[in-house]
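Colleague: Could you take a close look at one helix pair in this chain and at the loop that follows? I would like a connected account.

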Amino acid sequence: MRKNLENSKATRHYLSVEHISDHDLERYHLGMVVDEGELTALEEHVLACPECAERAEEVARYVDTQRAAIITGGFDLE
Ligand SMILES: [Zn+2]
């Protein structure tokens with residue numbers, strides 16, 4: 001299993017290190033990740049990791065709530 005991952009030519013950065021940070025999940029959701037390699041790695045990790053997939057949904061909800069707050073002007077963000 002581990003050998004297959006190491007031999008894969010795809011970037012496994014996010015699989016081999018830690019989980020994706022909330023900050024990166026947020027950037028991913030907002031479409032701020034423009035580096036193709038990073039984007040692929042993020043997507044692959046989320047697909048392979050149920051934990052991060054769940055957190056990605058939480059971040060998406062959080063970001064959308066903040067966005068709605070910005071639009072309605074009910075939230076004071078910097
Ligand atoms: Zn993860």
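**A helix crossing and the loop beside it**

Modeller: Happily! Of the 78 residues in the protein chain, 15% count as buried, meaning that 20 or more other C-beta atoms, placed from the backbone, lie within 10 Å of a residue's own, with 12 or fewer for exposed and partly exposed in between. This is a predicted model, where local features need pLDDT of at least 70, side-chain atom pairs count only at pLDDT 80 or more, and totals for chains, interfaces and linings use all residues. Residues are numbered from 1 along each chain as its sequence is written.

The protein chain has 5 helices and 0 strands, taken as DSSP runs (H or I, at least four residues, for helices; E, at least two, for strands) numbered from the N terminus.

Now the pair. The axes of α3 (residues 22-29) and α5 (residues 50-72) come within 9 Å and cross at roughly 65 degrees; axes are lines fitted to C-alpha atoms over the stretch in contact, with angles from 0 to 180 degrees between N-to-C directions. From α3, Asp-22, Leu-25, Glu-26 and His-29 meet Arg-55, Ala-56, Val-59, Ala-60 and Val-63 of α5, contact being C-beta atoms, placed from the backbone, within 7 Å. These residues divide into 5 nonpolar, 1 polar and 3 charged, where Ala, Val, Leu, Ile, Met, Phe, Trp, Tyr, Cys and Pro are nonpolar, Asp, Glu, Lys and Arg charged, and the others, Gly among them, polar.

As for the loop, Val-33 sits between α3 and α4 (36-48). Val-33 counts as partly exposed because it has 19 C-beta neighbours inside 10 Å. Leaving out residues up to four places away in sequence, Val-33 touches Arg-27, Tyr-28, Glu-38, Leu-39 and Leu-42.

Key
Contact = placed C-beta atoms within 7 Å.
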